[in-house]
Structures are given as C-alpha cells and as structure tokens.
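User: I have a structure open and would like to go through it with you. Could we start with the cysteines and then turn to the sheet and a helix?

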Amino acid sequence: MDSGTEAVGIHPMLVDDLGQVAELEQVVSPAPWSPGVFLDCLKADYECWVLRSDDVFGYVIAALGGGDAHLLNIAVAPGQQGRGFGRQLLRRIIRVAHERDAERLLLEVRPSNLRAQAIYRKVGFQLLSRRLSYYGPPQKEDALVYALELCGRSLRCLYQPGDVPGKIS
C-alpha cells in the first residue's frame with residue numbers, strides 16, 4: 001500500500017473505507033478481523049479512524065464508555081511502518097479519549113509484538129497484567145494488558161515538536 005501523492009491525513013473511517021481496511025487487516029494480523037467486525041464497529045459508533053492519502057494505509061479503533069477507553073485495533077501497512085504513523089493514530093485515540101473524559105486507555109498486545117510494546121511504553125502506557133491464551137487461532141498467545149492513565153496527567157505524548165499547545169492534530 002502506497003502512501004500516495006496526496007497529503008497524508010487522519011480521517012473518520014467511512015463505510016467506503018472498509019474494503020481497504022479489511023484488506024490491510026489481512027496483511028498485518030495473524031488473526032484478522034472480518035469486514036463485518038469493522039462494519040459493526042462503525043455501527044456501534046466506536047472511534048474509527050483511518051490514515052489515508054490516495055489509499056488507506058492505517059487505521060485505529062477504540063471503544064469508549066464507563067470512564068475507560070479500550071484500544072481494540074491499530075495497524076499500519078508494512079511498507080509505511082517505522083515512519084511515525086502508528087504513533088499518530090495512537091495520539092488521535094488518546095486525544096479523543098481525553099476529550100471524552102475517559103480516565104484511562106486500555107489495550108492488549110501480543111508479547112511477540114515488540115515494536116508495538118515499545119511505542120506504547122514510550123507514550124507512557126504501563127503493563128497491568130497478562131491474559132493467558134487470549135489470542136486464538138492460528139496460534140494461541142497470551143496478551144499483555146497495558147493502561148495509560150489519562151486523568152490528571154500531562155498529555156505531552158499528544159504533542160510533536162513544533163506543536164502549539166491547545167492545537168492538537
């Protein structure tokens with residue numbers, strides 16, 4: 001997936017994006033969600049965002065409620081990884097969760113996904129626990145549960161050098 005020639009931006013996910021989102025999910029996930037799961041997330045009014053230029057090359061989905069936000073899925077096309085796009089998506093969800101008064105953001109990650117864990121720790125997530133055999137076929141794997149406390153904390157992780165406080169993208 002190419003980041004294309006248009007300016008890269010984070011946009012609300014639309015039904016028209018689902019084909020490209022599901023295609024990307026097939027590439028990046030060992031146990032991919034079906035297109036129907038993504039559609040259900042849109043119908044449930046979850047926070048669903050895509051990174052796109054000409055094509056979708058990243059997405060993030062989170063559920064908010066009961067004082068918590070739960071990061072359900074985040075991905076960037078392999079050819080675009082390592083360029084800060086995953087962190088941009090993560091920053092968007094942190095900002096939205098904070099604006100909607102969530103006290104913390106929770107997520108699960110595979111122990112084998114060292115790159116994602118490094119990003120989460122850099123932003124300030126703390127390891128809470130391990131869920132045994134959480135991930136299923138094709139291979140059982142535990143989940144590491146991380147939390148980022150949003151209540152009463154400085155959210156410097158939302159800013160990049162040159163950002164103006166109060167104007168978070």
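**Cysteines, sheet and helix**

Analyst: The sulfur of Cys41 has its closest cysteine sulfur in Cys48, at 5.3 Å, which is too far for a bond. Please keep in mind that this is a predicted model.

User: How many disulfides does the structure hold?

Analyst: It holds 0 disulfides. Cys48 is in no disulfide, and its nearest cysteine sulfur, that of Cys41, is 5.3 Å away. A disulfide would require the two sulfur atoms to be within 2.5 Å, so this pair does not qualify.

User: Is Cys41 buried or exposed? And what about Cys48?

Analyst: Cys41 counts as buried because its relative accessibility is 5%. Cys48 also counts as buried, at 5% relative accessibility.

User: On to the sheet. What is the strand order?

Analyst: The sheet is open and has 7 strands in the order 1-2-3-4-5-7-6, with mixed pairing. Its edge strands are strand 1 (9–12) and strand 6 (126–135), each of which pairs on one side only. From one strand to the next, the twist averages 25°.

User: What holds paired strands together in general?

Analyst: Strands of a sheet pair through backbone hydrogen bonds, in either a parallel or an antiparallel manner.

User: In which sense do strand 1 and strand 2 pair?

Analyst: Strand 1 and strand 2 (residues 47–52) pair in the antiparallel sense, over 4 bridges. Within this pairing, His11 stands opposite Val50 in strand 2.

User: Where does Arg52 lie, and why does it count as buried?

Analyst: Arg52 lies in strand 2. Arg52 counts as buried because its relative accessible area is 19%, and the cut-off is under 20%. Its side chain makes a polar contact with the side chain of Asp17, at 2.6 Å. Among the residues that Arg52 touches are Ala7, His11, Leu14 and Phe57.

User: Now helix 3. Which strands does it lie across?

Analyst: Helix 3 (residues 85–99) lies across strands 1, 2, 3, 4, 5 and 7, and runs at about 160° to strand 4.

User: What is its span from first C-alpha to last?

Analyst: Helix 3 has 15 residues and reaches 21 Å between those atoms, close to the 21 Å expected at 1.5 Å a residue.

User: Which of its residues are buried, and what follows the helix?

Analyst: The buried residues of helix 3 include Phe85, Leu89, Leu90, Ile93, Ile94 and Val96, and also Arg91, Arg92 and Arg95. Helix 3 is followed by Asp101, whose phi is positive, near 65°.

Key: Residues are numbered from 1 along each chain as its sequence is written. This is a predicted model: local features need pLDDT of at least 70, side-chain atom pairs count only at pLDDT 80 or more; totals for chains, interfaces and linings use all residues. Side-chain values use heavy atoms; hydrogens and water are left out. Two strands pair if DSSP finds at least two bridges between them. Helices (H or I, at least four residues) and strands (E, at least two) are DSSP runs, numbered from the N terminus. Axes are lines fitted to C-alpha atoms, for helices over the stretch in contact, and angles run from 0 to 180 degrees between N-to-C directions. Contact means heavy atoms within 4.5 Å. The expected span of a helix is 1.5 Å times one less than its number of residues. Buried means under 20% relative accessible area, exposed over 50%, partly exposed in between (1.4 Å probe, protein chains only). A polar contact is a pair of N or O atoms within 3.5 Å; within protein, one must be able to donate a hydrogen and the other to accept it, and residues adjacent in sequence count only if both atoms are side-chain atoms. Lists of a residue's contacts leave out its neighbours within four places in sequence.
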